[in-house]
Amino acid sequence: MKALVLHKPGEIKLEEVADPAPDKGWVRIKVKRVGICGTDKAFYKGTYVPPKLPLIPGHEIAGIVDEAPGMEHLEGMKVTTEINVNCEKCWYCKHGMPTHCPYRETIGITIDGGMAEYVLTKPHLLHSIEGLSWGEGAFVEPLAAVVEMLEMQPLKPSDRVAILGIGTIGLLSAQLIRLITPNVVAIAREDSPKRKIAEKFVDVITVKEAREYAKSKTPEGQGFDYVVEATGSPNALNLALELVRPRGVIAAKSTHGAQVSFDYTLMVVKEVRIIGSRCGPFEKAIDLIRSGMIKVKPLITSTFKLDDGVEAFKKSFNREEIKVQLTP
């Protein structure tokens, strides 16, 4: 099969590799669409080095089950897959935390992923995406991660929320948060080419305007109740810490792989909670897309054939791009 293979940071190649053959207990998906995620870009840049190289990246996957030994009833299903292949036996798996299984493998991160014609997964990780387009199906994984953020740290309808960044996670967060509270703004540079798309979903303001908002429109001018850090930049946590109120929440959503320095003392003095989250409930994400409550098609800014995957990776770093997807 054809696959994009990352050999080292900055070196990704389209290659012919062996078709993956599913052993008993595994199924094979014929990939129809796969997204380029911030984690994939961090692998490419070298700020986040995957445990295994060479690696076929890609974990935002939509496709058709084409081979399922002993589970032929699954064949032909239009699916997406969760990415953490857990053991199903350990303490974490038995206590509802399979994404923290210490024996897990992660599709596209520790084992080969979906930037290929085929990818292997476990049957219990499959979810039907009937009724969704391929592009929408490849958005289930990132949206589920945003749902997880709000399940770990719920919002109140009165909360004032600032979202740092208007990329994929920022704009998914904006749409989901607006279902709970109208008091939400996104923060981006004035010259951001993504603004026109972002303004369809949320009011977009500059950092200067966010500081003025915090002083004039929050209780005692102390800041936002909840700040989502989704910039993909290691420098943004300090801004989030500045804008959040005492005893407020920062939801950390960037996976850039870089070490971060921030004002630790200010975090302690303000008694701020910094909440990390990832890998959430797929069925809730599917329902949100299927119902039209969350719109993901406008966030797909470019689609490339797998043959042009090297070019796609390079383009994904352009400022105007939100989500670049590949079609094997």
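**Questions about a predicted structure**

Biologist: Let's start with one residue: is Ser128 buried, exposed or partly exposed?
Modeller: Buried means under 20% relative accessible area, exposed means over 50%, and partly exposed is in between (1.4 Å probe, protein chains only). Ser128 has 29% relative accessibility, so this residue counts as partly exposed.

Biologist: Before we go on, from which number are the residues of each chain counted?
Modeller: This is a predicted model, in which local features need pLDDT of at least 70 and side-chain atom pairs count only at pLDDT 80 or more, while totals for chains, interfaces and linings use all residues. Side-chain values use heavy atoms, with hydrogens and water left out, and residues along each chain, as its sequence is written, are numbered from 1.

Biologist: Back to our residue, then: in which strand is Ser128 found?
Modeller: Helices (H or I, at least four residues) and strands (E, at least two) are DSSP runs, numbered from the N terminus. Residues 126-128 form the strand that holds Ser128, and that strand is β9.

Biologist: Which residues is Ser128 in contact with, leaving aside neighbours within four places in sequence?
Modeller: Contact here means heavy atoms within 4.5 Å. Met149 is 21 residues from Ser128 in sequence and 23 Å away, C-alpha to C-alpha. With neighbours within four places set aside, the contacts of Ser128 are Met77, Lys78, Ile286 and Arg290.

Biologist: Let's zoom out: what radius of gyration does the protein chain have?
Modeller: The C-alpha trace spans about 65 × 40 × 35 Å along its principal axes. The radius of gyration is taken over C-alpha atoms, and the globule rule is 2.2 Å times the number of residues to the power 0.38. For 328 residues a compact globule would be near 20 Å, and the chain agrees, with a value of 20 Å.

Biologist: How many helices and strands does the protein chain have, and what share of its residues is buried?
Modeller: The secondary structure comes to 11 helices and 17 strands. Of the 328 residues, the buried share is 52%.

Biologist: Which two residues have the most contacts inside the largest nonpolar core?
Modeller: A nonpolar core is a set of buried Ala, Val, Leu, Ile, Met, Phe, Trp, Tyr and Cys residues joined through side-chain atoms within 4.5 Å. The largest such core has 46 residues, and those with the most contacts inside it are Ile177 and Tyr226.

Biologist: Which element gives the most to this core?
Modeller: Several elements each supply at least two residues of this core, including α5 (168-178), β13 (224-229) and α4 (140-152). Seven residues come from the element that gives the most, α4.

Biologist: How many residues are in the second, separate core?
Modeller: Val85, Ala116, Cys279 and Ala312 are among the members of this second core. The number of residues in this core is 39.

Biologist: We just met Cys279; what is its phi near?
Modeller: Cys279 lies in the loop between β15 (273-276) and α10, and is buried because its relative accessible area is 15%. Most residues other than glycine have a negative phi. Cys279 has a positive value, near 45°.

Biologist: Is Glu220, with its positive phi, buried or exposed?
Modeller: Glu220 is found in the loop between α7 (207-217) and β13, and its phi is near 60°. Its relative accessible area is 75%, so Glu220 is exposed.

Biologist: Which two residues does a cis peptide bond join?
Modeller: Most peptide bonds are trans. Pro54 lies in the loop between α1 (38-45) and β4 (60-67). With omega about 0°, the cis peptide bond joins Leu53 and Pro54.

Biologist: Which elements do the buried residues of helix α8 pack against?
Modeller: Six of the eight residues of α8 (residues 236-243) are buried, so this helix is largely enclosed by the rest of the structure. The buried ones are Ala236, Leu237, Leu239, Ala240, Leu241 and Leu243. They pack against β10, β11, α7, β13, β14 and α9.

Biologist: One last stop: which residues does Pro69 touch, not counting those up to four places away in sequence?
Modeller: Pro69 sits in the loop between β4 and β5 (78-81) and counts as partly exposed because its relative accessibility is 26%. Thr255 is 186 residues away along the chain, with 35 Å between the C-alpha atoms of Pro69 and Thr255. Not counting residues up to four places away, Pro69 touches Pro22, Asp23 and Trp26.
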